[in-house]
Amino acid sequence: MATSANPAEIIHEGIPASPGIAIGPVHVNARGFVAPEVFEIAPSEIPHEQGRFHLAVDLTKRQLAELRHRLEHLAGDNQGDIFEAHIMMLEDPAVLDRVNHAIAERCQNAEYAFYAVMQTFLEGMRRIPDPYLRERTVDIEDVSQRVLKNFQADSDPRPLGLDESHILIAYDLTPSDTACMDRRQLLGFATEQGSVNSHTAILARAFGIPAVVGLSCSVINITTLSAAILDGYAGKLILHPSLGTLEHYRKLHAEKEIIRSGLDANREAPTETLDGHSITVSANMELLEEIELVTHSGAKGIGLYRTEFLLLDGSEIPSEAVQAEAYTRIARAVAPYSVIIRTLDAGGDKLPIEPLTEPEPNPFLGWRGIRVSLARPAMFREQLRAILRASAAGKVSVMFPLVSGLSEIERARDLIRRCMDELDCEGIPFDHQLPVGIMIEVPSAAVCADLLAPQVDFFSIGTNDLIQYTVAADRVNPHVADLYRPTHPAVIRLIKRTIDAGIDHGIRTGICGEMAGDIRLTPLLIGLGAKELSVGPQQVSRVGQAIRSLNHAECAAMATAVLRQTRSYDILNLALDIARNSYGYLLD
Ligand code: PEP
Ligand code: MG
């Protein structure tokens, strides 16, 4: 690992988002523009690098002066003032001194030192309340990018180490960033923003990438190539770890690996409690490339296939034929088990279906889930037809997201009926008994579960959204993370009410939110009567082992006691007591 001197160990606290230990150099990717390559230089090279910086700045100033001249010639006096402001930025002694100092202090190449200093300025400006000043960040980004380009003229590229395995440090990552990462080089990641229930964190857990979010420090203060340990269990980023710390984490990592291989060896064992209650453990999936992870996980099918990436990650929504092919591939891969395909859940924290003319004031309460699909019937029809076509190849169910009441189900079922008639006329085979289910993730649907149950074949409780809407705390907003409590009595009562309504009407109820994969809560969920838990592929064998270690009658008694509790903390502890006694070694 790269260590230029022997700096003291620094521990940055964050929120654990995906378990695992990563040990390696960090690569910092702050926001704004693409980070240049970074490499260490010998102390004797410092003057050379400082010279390269000044050459790049001089070249940029000459270009800006030329631009100002051209603009004034074309558009008249004063029109080039903006470039004058840019030139002044590059003459500011504060900037020049800090970059020179950074090159010497960090012993890193000039372009990276310049980039790091400019990121510090930019972060400071982005936090200024005055919107006018905040907008000036665009100018700084513009000038910075220009200077960075001008380094290239004389650059002497060296191997940087980014082809090597590294821990990514970023201000924030979108789910697409996470999906597109080159996972061969990625040991783990830590972000300043983010939350445990974001899709970025869900994807990290699906791929088994250790992750920490909500870092307590500003990531721009972290230097690329610093040696580090990422602790995805406790939510820590440790920079310049001491030998003792390294030793501790290597041992911890080895211990966790032993547990993991034991779980892997047992992954196909029946998921039945000690007193003979069978619980289905299925997997959640969002990217087609997860199919293999899912089929090797021991999961009994896919309890939630999120179709947002398939439909919205490209430049246009894939055709019915392309979708049908993808769904068919999944149905075949999970046979003899089934796949529940959730129709598009655009909006909210997910990808938008189309650019909005104006930002929504409350995206989570706005145009998302089934609301979008019902408003775009041509797109919805294509997705439903594709799902129906795949149902000829395996066991397929369809599920609607963000249902808030009966009329949405009626409209969606009506469209399914019309799609079935069309396919019949066209002679295209499909499953005429295609099971139709809904996600219970809006409190109105949970409260009225008894009214909705007769209209559907199954429920799947989406706790990620159900929690946020019940306690009115945005699932991705770190400022309200403390209020986002899976064991809030109101959430537990809504889960119980939904499961009971399902039992009364003879339909099955699964749980597919992140709560289902949290083994601290397995005793509570099965005690409340859940019969199916759909979890990230990496959690399947762990949840299965937890179920095999539990006594259902004990869990049911605890769940009854929980319904009388007033505090989320006490509810969590009641579940945790059983979890600790039954499989303490599995808890992180
Ligand atoms: C949920 O809300 O719990 C869920 C599974 O759906 P998503 O996380 O995709 O919103
Ligand atoms: Mg949801």
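Is Arg 146 buried, partly exposed or exposed, and what is its relative accessibility? In this predicted model, Arg 146 has a relative accessibility of 25% and therefore counts as partly exposed, since that class lies between the 20% limit for buried residues and the 50% limit for exposed ones.

**First stop: helix 6**

Select residues 137-151, which form helix 6, and find Arg 146 within them. The helix has 15 residues and reaches 21 Å from its first C-alpha to its last, close to the 21 Å expected at 1.5 Å a residue. Colour its buried residues next, among them Ile 140, Val 143, Ser 144, Val 147, Leu 148 and Phe 151. An α-helix has 3.6 residues a turn, so residues three or four places apart point the same way. The buried set of helix 6 also includes residues with charged or polar side chains, such as Asp 139, Glu 141 and Asn 150. Before leaving, draw a distance from the C-alpha of Arg 146 to that of Ile 209, which is 63 residues away along the chain, and the separation should read 35 Å.

**Second stop: ligand 1**

Now centre on ligand 1 and display the 16 residues that surround it, of which the closest are Arg 306, Lys 350, Gly 462, Asn 464 and Arg 475. Start with the side chain of Arg 306, where a polar atom lies 2.7 Å from an oxygen atom of the ligand. Then turn to Arg 342, where an N or O atom of the side chain is 2.9 Å from a ligand oxygen, and to Gly 462, where a polar backbone atom is 3.3 Å from an oxygen of ligand 1. Taken alone, ligand 1 exposes 290 Å², and the protein buries 100% of that. If the shell is coloured by secondary structure, the elements that give it two or more residues are strand 10 (302-306) and helix 18 (463-471), and helix 18 gives the most, with three residues. Coloured by residue class instead, the shell divides into three nonpolar, five polar and eight charged residues.

**Third stop: the magnesium ion**

Select ligand 2, the magnesium ion, whose protein donors are Glu 441 (OE) and Asp 465 (OD), lying 2.0 to 2.1 Å from it. Glu 441 is in the loop between strand 13 (436-440) and helix 16 (443-447), whereas Asp 465 is in helix 18, so the pair ties together parts that are 24 residues apart in sequence. Glu 441 is buried, with a relative accessible area of 2%, and Asp 465 likewise counts as buried at 2% relative accessibility.

**Fourth stop: strand 13 and helix 12**

From Glu 441, step back into strand 13 and pick Gly 437, a buried residue with a relative accessible area of 0%. Its C-alpha is 21 Å from that of Arg 332, and the two residues are 105 apart in sequence. To look at helix 12, select residues 320-334, a run of 15 residues that reaches 21 Å from first C-alpha to last, close to the 21 Å expected at 1.5 Å a residue. Its buried residues include Gln 323, Ala 324, Tyr 327, Ile 330, Ala 331 and Val 334.

**Fifth stop: backbone details**

Where does a cis peptide bond occur? Go to the bond from Ala 335 to Pro 336, which is cis with omega near 10 degrees, and note that Pro 336 belongs to the loop between helix 12 and strand 11 (338-342). Most residues other than glycine have a negative phi, and most peptide bonds are trans.

Two further backbone positions can be selected as a pair. His 240 has a positive phi of about 50 degrees although it is not a glycine, and Ala 472, also not a glycine, has a positive phi of about 55 degrees. His 240 is in the loop between strand 8 (236-239) and helix 9 (243-265) and is buried, with a relative accessible area of 17%. Ala 472, by contrast, is in the loop between helix 18 and helix 19 (489-504) and counts as exposed at 68% relative accessibility.

**Last stop: Ser 534**

Finish with strand 16 (residues 532-535) and select Ser 534 within it. Ser 534 is buried, with a relative accessible area of 2%. Its side chain makes a polar contact of 3.4 Å with the side chain of Ser 282, and a polar atom of the Ser 534 side chain lies 3.2 Å from the backbone oxygen of Ala 283.

Key: Residues are numbered from 1 along each chain as its sequence is written. Chains are lettered from A and ligands numbered from 1 in the order in which they are written. This is a predicted model: local features need pLDDT of at least 70, side-chain atom pairs count only at pLDDT 80 or more; totals for chains, interfaces and linings use all residues. Side-chain values use heavy atoms; hydrogens and water are left out. A residue is near a molecule or strand if one of its heavy atoms lies within 4 Å of it. A polar contact is a pair of N or O atoms within 3.5 Å; within protein, one must be able to donate a hydrogen and the other to accept it, and residues adjacent in sequence count only if both atoms are side-chain atoms. Accessible areas come from the Shrake-Rupley method with a 1.4 Å probe; for residues, only the protein chains shown count as cover. Helices (H or I, at least four residues) and strands (E, at least two) are DSSP runs, numbered from the N terminus. Donors are N, O and S atoms within 2.8 Å of the metal (3.2 Å for Na, K and Ca); water is not among the atoms, so sites may look incomplete. Buried means under 20% relative accessible area, exposed over 50%, partly exposed in between (1.4 Å probe, protein chains only). The expected span of a helix is 1.5 Å times one less than its number of residues.
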